[in-house]
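User: I am new to this structure and would like a close look at one part of it. Please start with the annotated spans, then move on to the pockets.

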Amino acid sequence: MQLVQLANFVLDNLVQSRIGFIVFFHCWQRDESLQFAQQFIKPIHPLLFYHQFVQMKGVQNWSHLELNYMGHLQPTLGIYVDIKCDQAQELLEEASRAQLYNQHYHWLLHGNQSVLDFYDLFSPFNLSIDADVSYVKEESQENNSSVVFAVYDVYNNGKIIGGQLNMTGSHEMACDPNECQRIRYLSTLQQRSKYGNREQLTDVVLRVATVVTQRPLTLSDDELISFLSQENDTHIDSLVRFGFHLTLILRDQLHCKMKFIFSDSWSKSDVVGGSVGAIVDQTADITATPSLATEGRLKYLSAIIETGFFRSVCIFRTPHNAGLRGDVFLQPFSPLVWYLFGGVLSLIGILLWITFYMECKRMRKRWRLDYLPSLLSTFLISFGAACIQSSSLIPRSAGGRLIYFALFLISFIMYNYYTSVVVSSLLSSPVKSKIKTMQQLAESPLTVGLEPLPFTKSYLNYSRLPEIHLFIKRKIETQAQNPELWLPAEQGVLRVRDNPGYVFVFETSSGYAYVERYFTAQQICDLNEVLFRPEQLFYTHLHRNSTYKELFRLRLLRVLETGVYRKQRSYWVHMKLHCVAQNFVITVGMEYVAPLLLMLICADILVVIILLVELAWKRFFTRHTIQS
């Protein structure tokens with residue numbers, strides 16, 4: 001064996017692969033190992049490589065292969081195996097059982113067997129799509145010291161799901177004691193990336209875990225697939241069907257077949273049962289239905305790409321007894337402005353009384369009024385002007401008329417600003433509820449209904465938030481015997497429309513479609529919305545050790561980059577209600593008018609009382625005069 005040339009080849013391969021650590025499994029003699037190691041000490045490349053030699057002779061048991069010989073903290077560890085050694089077969093079989101043919105180990109399997117012999121040797125082994133395995137076939141040259149190494153890329157799309165061993169010639173290297181040169185390419189592998197050459201999974205059947213909540217699992221697989229494939233009624237199982245259609249796009253990209261494993265829930269607990277449990281116990285390769293990336297799940301799963309958005313809300317219309325809004329007529333000005341304006345009007349009322357007094361006492365007789373108005377009358381004139389009311393009493397003097405001009409100018413400016421603010425307030429959206437959080441909703445007297453979704457029930461059972469515990473105690477447990485506590489989304493939305501004050505909890509991706517169907521534009525703007533649970537993203541998950549992780553991530557990123565994902569999401573998922581207030585006329589409700597009517601009734605009562613007091617005083621004064 002020409003070990004110097006082999007060492008040069010391995011060094012060149014490690015440089016090209018950017019790997020600095022390697023373990024050699026060999027059966028060489030001691031002097032041969034020393035010769036090989038010396039070439040590593042003075043390599044043809046000015047780089048330092050850490051290496052370890054394992055003599056396979058005498059090893060009786062290869063169990064715990066990774067723990068005993070391959071412990072490392074590097075992203076990738078190089079592994080050289082001389083398959084001409086007697087113990088090599090057992091070592092390779094143990095590596096297959098331990099699933100070590102993956103992206104974390106760079107395998108160099110060196111021998112002089114034919115390609116067909118190596119194929120027969122390696123075809124039973126459990127390789128994966130991300131395997132980094134190279135068969136290095138040595139071909140010696142008779143007339144010189146050069147050795148030609150033919151390199152073959154070896155992988156399997158998935159042995160346990162029907163994949164066949166794939167061997168593709170990569171290139172040939174000619175190595176002498178001084179250097180290595182690439183003499184020819186055996187295929188076009190070098191023109192594309194690793195996963196670019198492995199993107200066609202034509203020989204495997206991927207196992208896909210899929211959730212179906214709106215159809216019974218007793219239906220046949222064909223009937224369930226037909227339901228998920230439909231493109232009408234997007235509000236029914238919208239999130240599930242959205243993920244299913246993305247999976248069909250992934251299937252078309254990979255040119256593979258898929259076997260769908262159906263369940264009626266994401267999981268029974270955090271990682272047990274349902275579609276999540278199927279990924280955890282590796283009975284499924286990928287989930288078609290996106291799910292939440294919780295802390296417990298990430299111990300077993302990897303979220304490869306965001307493929308959904310989860311938002312549950314409580315919607316309700318403001319009850320008719322939500323309270324009177326008399327403060328809208330005082331809102332245009334602050335209290336200080338109101339006080340100053342009243343003070344100015346009072347001052348002008350006093351100035352008017354002084355003006356009338358001076359005109360009656362000091363001016364010519366033909367300029368005098370028939371009588372001297374009282375101070376109460378001038379105050380009435382002043383405050384009447386603030387309400388844009390004229391007066392029959394007009395001062396005759398120039399100074400008095402200037403006071404009148406100032407009074408009406410100030411009143412005109414204040415009136416226009418006031419009316420513009422009041423009108424805009426009255427024509428804006430009607431009264432909104434003050435309930436903005438789950439805590440406030442739990443403490444309110446409003447009746448609650450919920451859509452019977454698995455993740456809603458799971459959240460109620462496992463949430464640790466105190467406001468959710470209060471919500472369960474006051475709104476759920478008190479209606480334990482109520483058959484209408486859990487309602488389908490359509491019935492719940494209709495009840496919200498017909499019963500102001502009724503609260504319904506649903507998932508927006510499906511429930512918003514019913515709101516847009518049954519609510520008018522004005523009713524949509526009138527809705528109150530409380531977030532039922534924190535907004536969270538949904539992800540497509542694979543097992544933490546899945547060999548398809550990088551391939552699926554690259555394919556789904558392609559779907560995202562091309563805009564296909566955005567198109568599918570906008571079609572299947574409704575995340576927002578659109579309120580277009582200018583498209584309809586808003587009427588002013590009794591919550592605004594009632595305070596005015598109440599003020600008018602109170603004023604009428606006060607006037608009647610004052611009138612009665614005046615009549616009684618007049619009668620008393622008349623009797624007292626007669627008796628005198």
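How far apart are the end C-alpha atoms of residues 336-357, and how much of the span is helix and how much strand?

Analyst: This is a predicted model. In it, the end C-alpha atoms of residues 336-357 lie 32 Å apart. The span is 100% helix and 0% strand.

Where does that span come from? The UniProt entry, which is unreviewed, carries the annotation "transmembrane region" for residues 336-357. The same annotation in that entry also covers residues 369-391, 403-427 and 596-617. Take residues 596-617 next. Their end C-alpha atoms are 31 Å apart. Here too the span is 100% helix, with 0% strand.

Now the pockets. The largest pocket has a volume of about 890 Å³. It is lined by 27 residues, and the closest to its centre are Asp270, Thr294, Ser458, Tyr462 and Arg533. Three elements give two or more residues each to this lining: β12 (291-292), α13 and β18 (536-543). The largest share comes from α13, with five residues. By class, the lining of the largest pocket holds 12 nonpolar, nine polar and six charged residues.

The second largest pocket holds about 770 Å³ of space. Its lining also counts 27 residues. Closest to the centre of this second pocket are Ser17, His106, Asp132, Ser134 and Ser170. At least two lining residues each come from α1 (3-17), β5 (132-140), β6 (147-156), β7 (165-175) and β8 (180-185). The largest share, five residues, belongs to α1. The lining of the second largest pocket splits into eight nonpolar, 11 polar and eight charged residues.

Back to α13, which spans residues 454-462. A loop lies between α13 and α14 (466-476), and Arg464 sits in that loop. Is Arg464 buried or exposed? Arg464 counts as exposed because its relative accessibility is 79%, and the cut-off for exposed is over 50%. Compare its place with that of Ala521. The two residues are 57 apart in sequence. In space, Arg464 and Ala521 are 37 Å apart, C-alpha to C-alpha.

To recap, α13 gives five residues to the lining of the largest pocket, and Arg464 lies in the loop between α13 and α14. For the second largest pocket, α1 supplies five lining residues. As for the annotated spans, residues 336-357 are 100% helix, and so are residues 596-617.

Terms used: Residues are numbered from 1 along each chain as its sequence is written. This is a predicted model: local features need pLDDT of at least 70, side-chain atom pairs count only at pLDDT 80 or more; totals for chains, interfaces and linings use all residues. Side-chain values use heavy atoms; hydrogens and water are left out. Helices (H or I, at least four residues) and strands (E, at least two) are DSSP runs, numbered from the N terminus. Buried means under 20% relative accessible area, exposed over 50%, partly exposed in between (1.4 Å probe, protein chains only). UniProt positions are given in the numbering used here, feature names are shortened, and annotations may be inferred rather than shown by experiment. On a 1 Å grid over the protein atoms alone, a cavity is a set of points where a 1.4 Å probe fits but cannot get out, and a pocket is an open set with protein on both sides within 12 Å along at least five of seven lines; lining residues have an atom within 4 Å of a point. Grid points are joined across faces, edges and corners, and a volume is the space filled by probe spheres set on the points. Ala, Val, Leu, Ile, Met, Phe, Trp, Tyr, Cys and Pro count as nonpolar, Asp, Glu, Lys and Arg as charged, and the others, Gly among them, as polar.
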